[in-house]
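Me: I'd like to learn how to read a structure like this one, feature by feature. Can you walk me through it?

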Amino acid sequence: LIAAEHLSTGHKSAPMGVMEERFLDRLQQSTIGAVTFVATLVGGICYFPFTSALILSVEPTPTSPSGVAHRIYAQYFPPEPVQLLVLVKSRDGSPLIPHVNSTLEPEQPRALERWVAAPPPTPLTAEAAQVSHELSGVAARELDVHCRYTFLSYFDIGLKKSHEGRHDRPIHDVLDGIISRVARPMLFDSDASRTLMLVQIEACHGEDMTAEIVGKNEASAPVVSAMEALKDYADAYPASSGLAVERVSFPGVMATVQEGVETAMLLSTLTAIPAFVLLGVFFKNLRLLIITLINIAFCVATSVLIMYPVSLSMKVSAEAPAMMVATGLAMSIDYSLFILTRFGEEKRAGASVKQALLVTLQTSGHTVFISGSTLCLCFLGMLLIPVSTISTMGLAAAFTVLFAIVGGLTITPALLLSFPDFFTADRRLGLSADGIALFAAAPKRLAGDGSEPMLGQGQERASGLPWSPAAAPTAAPAADA
């Protein structure tokens with residue numbers, strides 16, 4: 001496409017089409033500016049609601065065996081509650097609880113009593129039990145008032161004990177021993193050096209809690225607070241201790257994934273800095289970078305504005321915003337390079353602003369439209385993939401490319417037509433005061449007859465050309481003055 005564009009534009013005096021001229025006449029209206037401003041503003045407002053409606057999980061294909069099983073399971077079972085897990089392990093691999101004989105030998109005297117009796121603790125048993133009690137207190141402090149939850153730990157299961165740490169009845173000791181025997185293989189690994197402590201949250205403020213909605217509404221605020229409190233406890237646990245405490249929960253994993261997506265968006269944004277440097281070199285006018293920035297903001301914000309209602313009706317992947325930002329940056333910069341470079345060439349060849357835009361739209365504008373439309377079709381082809389994570393990313397990218405085309409072919413000409421003096425003043429790479437109304441309105445010193453402005457040495461013409469003595473009008477004689 002680039003080669004074809006150069007071949008088709010070998011002659012600078014390309015014929016001006018009636019369609020392009022009518023198009024430019026309509027662009028001079030203020031409607032383009034108003035639509036651009038409103039779409040960018042509303043899209044920016046919708047960004048945070050849009051990101052809160054995204055999902056991090058990968059949904060199975062609806063017609064696949066996994067998708068059918070998922071749908072049937074959802075019909076007969078409630079949604080999975082939120083589970084906040086804390087891993088407690090010994091640093092040297094030693095057991096947290098003593099090894100017990102798992103075989104019950106009924107023929108031995110008092111076999112059941114010996115089977116349920118607690119063996120002597122290991123050096124780490126008391127410390128692990130203390131961690132369990134402290135974590136239970138953290139969960140109670142954050143969740144007791146507003147949430148329905150369960151705290152599960154090997155050291156906190158069993159029947160209620162008295163204040164002295166002993167049961168009121170001996171049978172309770174037997175029942176606690178049986179419960180501990182059953183729970184041991186579920187909460188410890190094979191050598192008893194690691195154990196899981198679980199906070200399972202079923203509902204908060206009367207609303208069922210699932211991992212997908214944590215952090216996305218006000219009802220899940222206690223869950224977020226509990227997650228942060230458990231993380232703070234794990235981070236503050238002394239490294240000199242014989243135990244290591246780590247928070248490992250699915251909402252925490254999802255939060256980490258979301259942080260990774262935001263980091264990817266930041267890196268994509270930072271890559272625009274060297275791209276803008278190259279654009280400034282090609283344009284030879286840094287003011288034209290303002291147009292590129294406006295196109296990028298319009299492209300990304302309007303794509304968000306369109307994708308937000310889409311995310312409310314279908315499951316959109318959390319990676320979609322990163323895809324939209326990267327695509328919007330790439331396409332807006334690329335199309336600006338095509339259009340503004342050709343516009344600058346036509347202006348330096350002596351064409352007026354409107355003539356330069358007509359030639360640019362006939363040549364580079366045609367290239368942008370064809371290449372962008374092809375890319376949109378490629379991204380829309382991802383809708384044929386029956387995986388929502390991939391198909392929604394393709395839809396978001398297609399909308400982004402579409403609005404990059406719209407911005408390049410409407411906003412760019414509209415800005416150049418609305419502020420021709422400002423954007424075409426390229427002296428000193430556009431860093432001079434040429435074309436700025438604040439400086440252009442300064443009073444001028446008139447010639448002796450008052451007909452022509454008389455430029456003195458050190459002053460410059462509005463066109464940006466340096467002053468020369470030959471170009472200045474001759475002053476009237478002093479006697480006539």
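Reply: Sure. Let's start with what counts as an element: helices are DSSP runs of H or I with at least four residues, strands are runs of E with at least two, and the numbering starts at the N terminus. With that, P81 can be placed in the loop between α5 (65-76) and β1 (82-90). Keep in mind that this is a predicted model.

Me: Is P81 buried, partly exposed or exposed?

Reply: Buried means under 20% relative accessible area, and exposed means over 50%. P81 has 21% relative accessibility, so it counts as partly exposed.

Me: And which residues does P81 touch, leaving out those up to four places away in sequence?

Reply: Q200, I201, E202 and M209. Take M209: it is 128 residues from P81 in sequence, yet the two C-alpha atoms are 5.7 Å apart in space. For the chain as a whole, look at contacts with a separation of 6 or more: 75% of them join residues 24 or more positions apart.

Me: Let's zoom out, then. How many helices and strands are there?

Reply: The chain has 17 helices and five strands. Of its 481 residues, 40% count as buried. The chain exposes about 26700 Å², with carbon and sulfur atoms supplying 64% of that area.

Me: How do I check the length of a helix, say α7?

Reply: The expected span is 1.5 Å times one less than the number of residues. Helix α7 (residues 125-143) has 19 residues, so it should span 27 Å, and its end C-alpha atoms are indeed 27 Å apart. Try α13 as well: its 29 residues reach 41 Å from first C-alpha to last, close to the 42 Å expected.

Me: Which residues of α7 are buried, and what covers them?

Reply: Here's the general idea: an α-helix has 3.6 residues a turn, so residues three or four places apart point the same way. In α7 the buried residues are T125, A128, A129, V131, S132, L135, V138, A139 and L143. Their cover includes β1, β2 (147-152), β3 (194-204), α9 (221-236) and β5 (243-247). As for α13, it is mostly covered, with 21 of its 29 residues buried.

Me: How do I describe two packed helices?

Reply: You give the angle between their axes and the distance between the axes. For α12 and α13 (residues 320-348), the axes come within 9 Å and cross at roughly 140°. The crossing is right-handed. On the α12 side, the contact is made by L288, I291, T292, N295, I296, C299, V300, S303, V304 and M307. From α13 come M324, V325, G328, L329, S332, I333, S336 and L340. By class, that contact has 12 nonpolar, six polar and no charged residues.

Me: What about T302, where is that?

Reply: T302 sits in helix α12 (residues 288-313). Its relative accessible area is 6%, so T302 is buried. Leaving out residues up to four places away in sequence, T302 touches A39 and F403.

Me: One last feature: where is phi positive in a residue other than glycine?

Reply: A192 is one of these cases, with phi near 60°. It lies in the loop between α8 (170-187) and β3, and at 1% relative accessibility A192 counts as buried. H205 is another, with phi near 55°. H205 is in the loop between β3 and β4 (207-208), and its relative accessible area of 46% makes it partly exposed. For a glycine, see G350, which follows α13 and has a positive phi near 105°.

Note on methods
Residues numbered from 1 in each chain as written. Predicted model: local features only at pLDDT ≥ 70, side-chain atom pairs only at ≥ 80, totals over all residues. Heavy atoms only, no water. Buried < 20%, exposed > 50% of the residue type's maximum accessible area, 1.4 Å probe, protein only. Contact = heavy atoms within 4.5 Å. Axes fitted to C-alpha atoms, helices over the stretch in contact; angles between N-to-C directions. Left-handed = near helix turned anticlockwise from the far one by under 90°. Nonpolar A, V, L, I, M, F, W, Y, C, P; charged D, E, K, R; others polar. Areas by Shrake-Rupley, 256 points an atom, 1.4 Å probe, with all protein chains shown as cover.
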